[in-house]
Amino acid sequence: MSHSAIFLDLNGTLVMPVQVSSPREYHLIEGSVEAVSLLNQAGFLCPVVTVQSRIEKGIYSEQSFLNWFRQLQDQLKASNATILGPYLCPHSSKTMCNCRKPQPTLYMQAAQECGINCKRSYVVGDTANDIRAGKAIGAKPCFVRTGWAARDIAQFGHEAAFIGDDILQVAQWIVHDAANSIASPVLLPER
Ligand SMILES: [Mg+2]
Ligand SMILES: [Zn+2]
């Protein structure tokens, strides 16, 4: 478990709008490619953890989502930005699945597959469930003010380690925070 990671939410964090009738409607939030590239350069893996309840609702298929995600990965790769995954919950809130945020299942799966130490990692998202998941896995949770943030920050903002205007601002903060944390080994007990 030697890698540090930034677990990224998708809707409202990397892409907008938060609700679509087809994945083709997603567009990248300004600064998100630069943010991922910056985090990669700082040595972080960037797994994407996403709930796509519209798959189970039948609005679009899991395959069409995965096809779109592969294209997104290629697009980012062309700008030296690498995202991993997707670590995907396709279920609606009516299904009692064990993968929906804020449960740690998908994060732990990513950690296992990629060799990630969650205690040296961060979670970035626009909802309270992203923040709760971050706390559940022992990572530092960060809010972005894009997506659903206006709804959740007022209520849950105090639970975040940092609140940024967008993913780029959060990425810049993380790079500094991680550098400071490494200089203080007391804050990073080895498991
Ligand atoms: Mg989101
Ligand atoms: Zn699920």
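This report describes the metal sites, salt bridges, helix packing and aromatic pairs of a predicted model.

## Zinc site

Four side chains hold the zinc ion (ligand 2): C89 and C97 and C99 each contribute SG, and H91 contributes ND1, at distances of 2.1 to 2.3 Å. The angles among the four donor atoms run from 99 to 115°, and the site is tetrahedral. For reference, the ideal angle for four tetrahedral donors is 109.5 degrees.

Along the sequence, the donor residues follow the spacing C-x1-H-x5-C-x1-C. One of these donors, C97, has a relative accessible area of 14% and is therefore buried, the cut-off for that class being under 20%.

## Magnesium site

The magnesium ion (ligand 1) has three protein donors, D9 (OD), N11 (O) and D126 (OD), which lie 2.1 to 2.2 Å from the ion. Their sequence spacing is D-x1-N-x114-D. D9 belongs to the loop between β1 and β2, whereas D126 belongs to the loop between β7 (122-125) and α5, so the pair ties together parts that are 117 residues apart in sequence. Both D9 and D126 are buried.

## Salt bridges around K101

The structure contains six salt bridges. In general, side chains of opposite charge can pair when their charged atoms come close. In one of the six, K101 pairs with D9, with the closest N and O atoms 2.9 Å apart. This bridge links distant parts of the chain, since K101 sits in the loop between β6 (84-89) and α4 (105-114) and D9 in the loop between β1 (4-8) and β2 (15-16), 92 residues apart. K101 and D9 are both buried.

K101 also forms a salt bridge with D130, where the closest N and O atoms are 2.8 Å apart. Here too distant parts of the chain are linked: D130 lies in helix α5 (residues 128-136) and K101 in the loop between β6 and α4, 29 residues apart. The relative accessibility of D130 is 2%, so D130 counts as buried; K101, at 7%, also counts as buried. Through these bridges D9, K101 and D130 are linked in a network. D9 thus appears both in this network and among the protein donors of the magnesium ion (ligand 1).

## The salt bridge between D177 and K140

A further salt bridge joins the side chains of D177 and K140, with an N to O distance of 2.7 Å. The pair links distant parts of the chain, with D177 in helix α7 (residues 167-182) and K140 in strand β8 (residues 140-144), 37 residues apart. The two partners fall into separate accessibility classes: D177 counts as buried at 14% relative accessibility, while K140 counts as partly exposed at 32%.

## Surroundings of T50

T50 is part of strand β5 (residues 47-51). Its relative accessible area is 1%, and T50 is therefore buried. The side chains of T50 and Q52 are joined by a polar contact of 2.8 Å.

Leaving aside residues up to four places away in sequence, T50 touches L10, N11, F65, P86, Y87, L88, C89 and K101. Among these neighbours, N11 is a donor to the magnesium ion (ligand 1) and C89 is a donor to the zinc ion (ligand 2). K101, another neighbour of T50, belongs to the network of salt bridges with D9 and D130.

## Packing of helix α5

The buried residues of α5 are A128, D130, I131, A133 and G134. The buried residues of this helix pack against α4, β7, β8 and α6 (149-156). After α5 comes G138, which has a positive phi, near 80°.

## Aromatic pairs

Eight aromatic pairs are found in the whole structure. One of them, formed by Y26 and W68, is tilted, with a centre-to-centre distance of 4.9 Å and 50° between the planes. Y26 lies in the loop between β2 and β3 (27-28) and W68 in helix α3 (residues 62-77), so the pair ties together parts that are 42 residues apart in sequence. Y26 counts as buried at 7% relative accessibility, and W68 counts as buried at 12%.

W68 also pairs with F69: the ring centres are 6.5 Å apart and the planes are at 65°, so this pair is edge-to-face. Both W68 and F69 are buried. Ring pairs link Y26, F65, W68 and F69 into a cluster, and F65 is also one of the residues touched by T50.

Terms used
Residues numbered from 1 in each chain as written. Chains lettered and ligands numbered in written order. Predicted model: local features only at pLDDT ≥ 70, side-chain atom pairs only at ≥ 80, totals over all residues. Heavy atoms only, no water. Donors = N, O, S within 2.8 Å, 3.2 Å for Na, K, Ca; no water. Tetrahedral: all angles 85-135°; square planar, octahedral: opposite > 155°, others 65-115°. Buried < 20%, exposed > 50% of the residue type's maximum accessible area, 1.4 Å probe, protein only. Salt bridge = Lys/Arg side-chain N within 4 Å of Asp/Glu carboxyl O. Helix = DSSP H or I, 4+ residues; strand = E, 2+ residues; numbered from the N terminus. Polar contact = N/O pair within 3.5 Å; in protein donor to acceptor, adjacent residues only side chain to side chain. Contact = heavy atoms within 4.5 Å. Phe/Tyr/Trp six-rings, centres within 6.5 Å; stacked < 30°, edge-to-face > 60°.
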